[in-house]
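Visitor: I am new to reading protein structures, and I would like a close look at one part of this one. Could you pick out the aromatic rings, and then show me how their surroundings fit into the whole chain?

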Amino acid sequence: PQRFWIAAGSFALLIRLPFSLAVPHFVSETIGALIDNDVNHAWWSIFGLCIAGTVDALLDFWNFFLFGYAQQRLLKQLRIRLFSSVVKQEIGFFDVSSSGEITSRIAVDTAEMGND
């Protein structure tokens, strides 16, 4: 079910890679042009840096959003499956384990899985 979101995040990451690599290139080109006193080349390098940086930032947002969204959906699905499993237990299980302990384990353990 989360394959689409993970695939979309991976695609955005793949598209983002050249723009991420272009940022240091344009910085280097700008510095080189300024050392050589080539103002026109420096302006074009700054323009390229702005474009590459903007596209990189936008795709970084989408990477963060899509992978985070997939992560939250996976955790929600896990919580539902865990709760369903707990509800199907025999009555004797609840004599041994308190409901507060079970609830705490479900909440804390799934939240811990979501931490980066």
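Guide: Here is a walk from the whole chain to its aromatic rings, and then on to some of the residues around them.

Please keep in mind from the start that this is a predicted model. The protein chain has four helices and zero strands, and read from the N terminus on, its elements run α-α-α-α. Two of these helices matter for our tour: H1, which covers residues 3–35, and H2, which covers 39–87.

Now for the overall form. Along the principal axes, the C-alpha atoms of the protein chain fill a box of roughly 80 × 25 × 15 Å. The radius of gyration of the protein chain is 25 Å, whereas a compact globule of 116 residues would have one near 13 Å. Of the 116 residues, 20% count as buried. The accessible surface of the chain comes to about 8,700 Å², and 68% of that surface belongs to carbon and sulfur atoms. The chain also carries 8 positive and 11 negative side chains, with the centres of the two sets 16 Å apart.

With that picture in mind, let us turn to the rings. A pair of aromatic rings is described by the distance of the centres and the angle of the planes. The count in this model comes to eight aromatic pairs. Take Phe-4 and Trp-5: their ring centres lie 4.9 Å apart and their planes meet at 80 degrees, so this pair is edge-to-face. The cut-off behind that step is that planes over 60 degrees apart count as edge-to-face. Phe-4 has a relative accessible area of 55%, so Phe-4 is exposed. Trp-5 has 23%, so Trp-5 is partly exposed.

Another pair is made by Phe-61 and Trp-62. Their ring centres are 5.2 Å apart and their planes stand at 75 degrees, so this pair is edge-to-face as well. Phe-61, with a relative accessible area of 45%, is partly exposed, and Trp-62 counts as partly exposed at 41% relative accessibility. These four residues belong to one aromatic cluster, which is formed by Phe-4, Trp-5, Phe-61, Trp-62, Phe-65 and Tyr-69.

What lies around the rings? Let us begin with Gln-2, which sits in the segment before H1. Gln-2 counts as buried because its relative accessibility is 6%, and the cut-off for buried is under 20%. Setting aside residues up to four places away in sequence, Gln-2 touches Ala-70, Arg-73, Leu-74 and Gln-77.

Next comes Arg-16, which has its place in helix H1. Its relative accessible area is 18%, so Arg-16 is buried. Again not counting residues up to four places away in sequence, Arg-16 touches Asp-56, Leu-59, Asp-60 and Asn-63.

One of those partners, Leu-59, is worth a visit of its own. Leu-59 is in helix H2, and at 16% relative accessibility it counts as buried. Leaving aside its neighbours within four places in sequence, Leu-59 is in contact with Ala-12, Ile-15, Arg-16 and Phe-19. For Ile-15 there is also a distance to look at: the C-alpha atoms of Leu-59 and Ile-15 are separated by 7.8 Å, although the two residues are 44 apart along the chain. For the chain as a whole, 73% of the contacts between residues at least 6 apart in sequence join residues at least 24 apart.

Leu-17 offers another distance to look at. Leu-17 is in helix H1 and, at 46% relative accessibility, counts as partly exposed. Leu-17 and Val-86 are 69 residues apart along the chain, and their C-alpha atoms are separated by 44 Å.

Our last stop is Asn-37, which lies in the loop between H1 and helix H2. Most residues other than glycine have a negative phi. The phi of Asn-37, however, is near 60 degrees, a positive value in a residue other than glycine. Asn-37 counts as exposed, because its relative accessibility is 65%.

Key
Residues numbered from 1 in each chain as written. Predicted model: local features only at pLDDT ≥ 70, side-chain atom pairs only at ≥ 80, totals over all residues. Heavy atoms only, no water. Helix = DSSP H or I, 4+ residues; strand = E, 2+ residues; numbered from the N terminus. Buried < 20%, exposed > 50% of the residue type's maximum accessible area, 1.4 Å probe, protein only. Contact = heavy atoms within 4.5 Å. Rg over C-alpha atoms; globule rule 2.2 N^0.38 Å. Areas by Shrake-Rupley, 256 points an atom, 1.4 Å probe, with all protein chains shown as cover. Lys, Arg positive; Asp, Glu negative; His and termini not counted. Charge placed at Lys NZ, Arg CZ, Asp CG, Glu CD. Phe/Tyr/Trp six-rings, centres within 6.5 Å; stacked < 30°, edge-to-face > 60°.
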